[in-house]
Amino acid sequence: MQQLTEIRWHARAGQGAVTAAKVVAETALAADQYMQAMPEYGPERMGAPIKAFTRISKVPIEIHCNIENPDIVVVLDDSLLEIVNVADGLVDDGVIVVNTCTPPAEVRARLSMPANARVACVDASGIALDTIKRDIPNTPMVGALIKLTGVVDMEAFKSLLAKNLSKKFGQEMIDANWASVDRAFEEVTVA
Amino acid sequence: MPEHKTLAATGNTVVAEAMRQCKPDVMAAYPITPQTTIVEEYAAMVAKGRVHTEYVTVESEHSAMSACIGASAAGARVMTATSSQGLALMWEELHIAAGMRLPIVMANANRALSAPINIHCDHSDIMGARDAGWVTYFAETAQEAYDNTIMACRVAEHPDVMLPVMTTLDGFITTHSIDRVSVMDDESVSGFVGQYVPKTALLDLENPVMHGAFSGLGGPYFEFKKQQRIAMENARKVVKDVAEEYAKLSGRPFDVVETWGMEDAETAIVVMGSTAGNTRHVARDLRAKGERMGLVKIRVWRPFPHVELAAALKGLKAVAVLDRAESFGAEGGPLFLETRSALYDAAERIPVVDYIYGLGGSDVKLELIERAYKDLSDIAAGGAAPAGPVYLGAREEA
C-alpha cells in the first residue's frame with residue numbers, strides 16, 4: 001500500500017457513510033496505522049447528498065484539508081450518479097465502488113473518469129435487505145471496498161464490526177452483518 | 001508511569017475526556033456548534049456517574065460563564081466550553097473571570113462570527129476575547145487539544161497565575177474529525193492536576209472574603225489591572241514548567257513556539273492551529289526539493305511568546321504570517337501585528353507579509369500554502385513583498 005490512501009464517501013444522509021468512514025479508520029488504527037475520518041460538515045437532513053472522508057497512512061497525517069484527489073470513491077446510493085460528479089478529482093489509477101444493480105460497464109459509461117481507473121459495482125442494498133433485513137448498505141460496501149483495494153484487513157474489520165455491534169445487538173445480528181460483508185466481497189464486479 | 005491508550009476519537013471527545021480526568025466540581029455550559037459534543041458527552045458521563053461534577057444547564061452562554069464565575073469564587077474547580085457567538089455572548093463575563101482571578105478552564109471550538117451566518121472554523125471568536133485576560137492555548141491536533149486541557153488546569157490554578165485559561169481547537173477540523181489520539185489513565189492525569197485548594201473561597205465561612213467589589217475613583221482598580229499583568233507575565237514560566245512536567249508523563253514535548261526546519265531556513269511561515277499541519281506538510285515537500293523553508297507554530301497565544309518567536313525568526317530573509325482572523329483597519333490580522341511587533345527589536349529588518357486565510361471554514365488547500373512559500377522565495381531572492389494583507393484563496397481579488 002502507498003503511504004497515504006484517501007477515500008471519499010458519497011451517500012445520502014442516513015445510509016451510514018459517516019459510520020463506515022469511521023469504522024474503516026478504526027480498523028486501520030487497529031493495524032497501528034494513522035488515520036482520519038470526517039464528514040463534510042453542514043446541516044444534517046435525512047436523504048440529502050453528503051460526503052465523508054477517510055485518510056489512512058503509515059506515517060502521521062498532518063493535512064486537514066478536504067480530499068480533492070481521492071484514491072478511492074465509495075458511492076452508497078446510485079441515484080447520486082445523476083446529481084453529483086462522484087468521479088471528480090479521482091486519481092488516474094483510482095477506483096470507484098458503487099452500490100447498484102447496474103453493471104459496471106454501464107456505470108462507467110455514465111461517468112467522466114480517468115481511463116485507467118476502475119469501476120466496481122455491487123448490489124449492497126439487496127445484500128443488506130437479504131442479510132441484515134434493512135437497507136443499510138454501508139457495511140457490505142466495506143466488504144466490496146476491501147476486496148478491491150485491501151485498504152484494511154478483512155478479519156480486523158469483521159472483528160471490529162462485531163465489537164461495535166455487540167454493544168446493542170446479539171450474535172444473530174453480528175452473523176447477519178458478517179454475511180453481508182462476505183457476500184459483497186464475493187459478488188462485487190469490476191469494469 | 002502512566003498507561004497510554006490509543007483511541008480513534010474526535011477532538012471534542014478527548015477534550016471532554018481530559019476534563020473528566022481533571023475532575024471539575026462544576027461545569028456550567030450551553031451547547032453551540034461545533035462545541036456541542038464536548039458538553040453533550042460530558043453531560044452523559046455525569047449522568048452515568050463516571051464523573052462527579054455538578055452539571056449546570058443554563059439558558060445562555062452569558063449565564064454559563066456567570067455560573068462558572070460564581071462557582072469558581074465559591075472555591076470549586078470549574079470548567080466549561082463554548083464557541084463563536086457563545087464566546088461573544090460571554091464577553092463581559094470573560095473580563096470578570098480574569099479580574100476576579102478565577103482559574104476557570106474553558107475549551108473553545110474556534111468558529112467564525114456572524115454575519116453572514118457561518119458555523120465553520122476561523123479564529124475571529126478568540127481574537128474578540130484577546131484582551132480579556134485569559135491565558136490562551138491553540139491546538140493543531142486532537143492530541144494537542146487533550147494535552148492542553150490537562151496542562152491548562154495546572155496553569156490556571158498555579159498560585160503565581162490564578163487566571164482563567166482557554167484551550168482552543170479548530171471548529172470541525174479538529175473538533176469533529178476522528179484522529180489518532182493517545183490518552184492516559186485517569187489516575188495519572190488526576191495525580192498530575194492534583195486537588196484544587198483555593199486560597200480564598202466564598203464558601204469558606206471561617207474566612208470571609210469579598211469578591212468583585214466596587215472600586216471607584218481612587219480605589220485599587222488600576223492596581224488590580226497591574227496585578228493581572230504580573231500574573232500573565234508569571235504565566236510564561238508556569239506554562240513552560242507545567243509543560244516540562246507533563247512531557248515527562250506524556251512523552252510529548254511542548255514548546256510555546258514550536259519550530260520545524262528552522263535550523264538553516266531562509267524563510268518561514270508563522271501559523272496557529274490546525275493549519276500548522278498543512279503548512280508542515282508543504283514545507284516537508286519543499287525541503288525535499290532543496291528549498292530552505294521553515295515553520296513556526298504558536299502554541300500559546302496569551303501570554304504571547306514574543307521573545308521565543310523573535311529568536312526563531314532571527315536572521316531570516318522573509319516571513320509570512322497566516323491569520324485566520326481579521327482586524328479590520330489594522331495593518332494586518334492579529335497574529336501579524338504580534339509577529340511584527342516581536343521583530344521590532346531585531347538587529348536587521350525582516351520583511352513580514354500577512355495572509356488572511358480560511359475565514360468561515362474556507363478550505364486550506366495545500367496550493368495556498370505553496371503560494372505563500374513561493375512569495376517568500378521571491379522576496380528572499382530580492383523581489384518586492386506583496387502588499388498585505390493578502391486574502392489567500394479568496395475567489396476574486398476584490
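A salt bridge is taken here as a side-chain nitrogen of Lys or Arg within 4 Å of a carboxyl oxygen of Asp or Glu. In this predicted model, the side chains of Arg20(B) and Glu17(B) meet this criterion, with an N to O distance of 2.8 Å. The two residues lie three residues apart, about one turn of the helix, in helix H1 of chain B, which comprises residues 11-22. Both Arg20(B) and Glu17(B) are buried.

A salt bridge within a helix also occurs in chain A, where the side chains of Arg183(A) and Glu187(A) are joined at 2.8 Å, N to O. Because Arg183(A) and Glu187(A) are four residues apart in helix H6 of chain A, about one helical turn separates them. Arg183(A) has a relative accessible area of 28% and is therefore classed as partly exposed, and Glu187(A), with a relative accessible area of 36%, is likewise partly exposed.

In chain B, a further salt bridge links the side chains of Glu331(B) and Arg340(B), with an N to O distance of 2.9 Å. Glu331(B) is exposed, its relative accessible area being 55%, whereas Arg340(B), at 36% relative accessibility, counts as partly exposed. Elsewhere, salt bridges that share partners connect Glu62(A) with Glu140(B), Glu144(B), Glu258(B), Arg280(B), Arg284(B), Lys297(B) and Arg299(B) in one network. Over all chains, the count of salt bridges comes to 35.

Charged residues also form a surface patch. This positive patch consists of Lys22(A), Lys163(A) and Lys167(A) together with Lys5(B), Lys48(B) and Arg50(B). One of these residues, Lys167(A), is situated in the loop of chain A between helix H5, residues 154-165, and helix H6, residues 171-187. Lys167(A) counts as exposed because its relative accessibility is 66%, a value that lies over the 50% cut-off for that class.

With respect to overall architecture, chain A contains six helices and seven strands, and its elements follow the order β-α-β-β-β-β-α-β-α-α-α-α-β from the N terminus on. The C-alpha trace of chain A spans about 45 × 40 × 35 Å along its principal axes. For 191 residues, a compact globule would be expected to have a radius of gyration near 16 Å, and the value of 15 Å for chain A agrees with this expectation. Of the 191 residues of chain A, 54% count as buried.

Terms used
Residues are numbered from 1 along each chain as its sequence is written. Chains are lettered from A and ligands numbered from 1 in the order in which they are written. This is a predicted model: local features need pLDDT of at least 70, side-chain atom pairs count only at pLDDT 80 or more; totals for chains, interfaces and linings use all residues. Side-chain values use heavy atoms; hydrogens and water are left out. Patches are made of residues with over 30% relative accessible area and no salt bridge: like charges are joined within 9 Å, nonpolar side chains (Val, Leu, Ile, Met, Phe, Trp, Tyr) within 5 Å. Accessible areas come from the Shrake-Rupley method with a 1.4 Å probe; for residues, only the protein chains shown count as cover. Lys and Arg count as positive and Asp and Glu as negative; His and the chain ends are not counted. The place of a charge is taken as NZ of Lys, CZ of Arg, CG of Asp or CD of Glu. Buried means under 20% relative accessible area, exposed over 50%, partly exposed in between (1.4 Å probe, protein chains only). The radius of gyration is taken over C-alpha atoms; the globule rule is 2.2 Å times the number of residues to the power 0.38.
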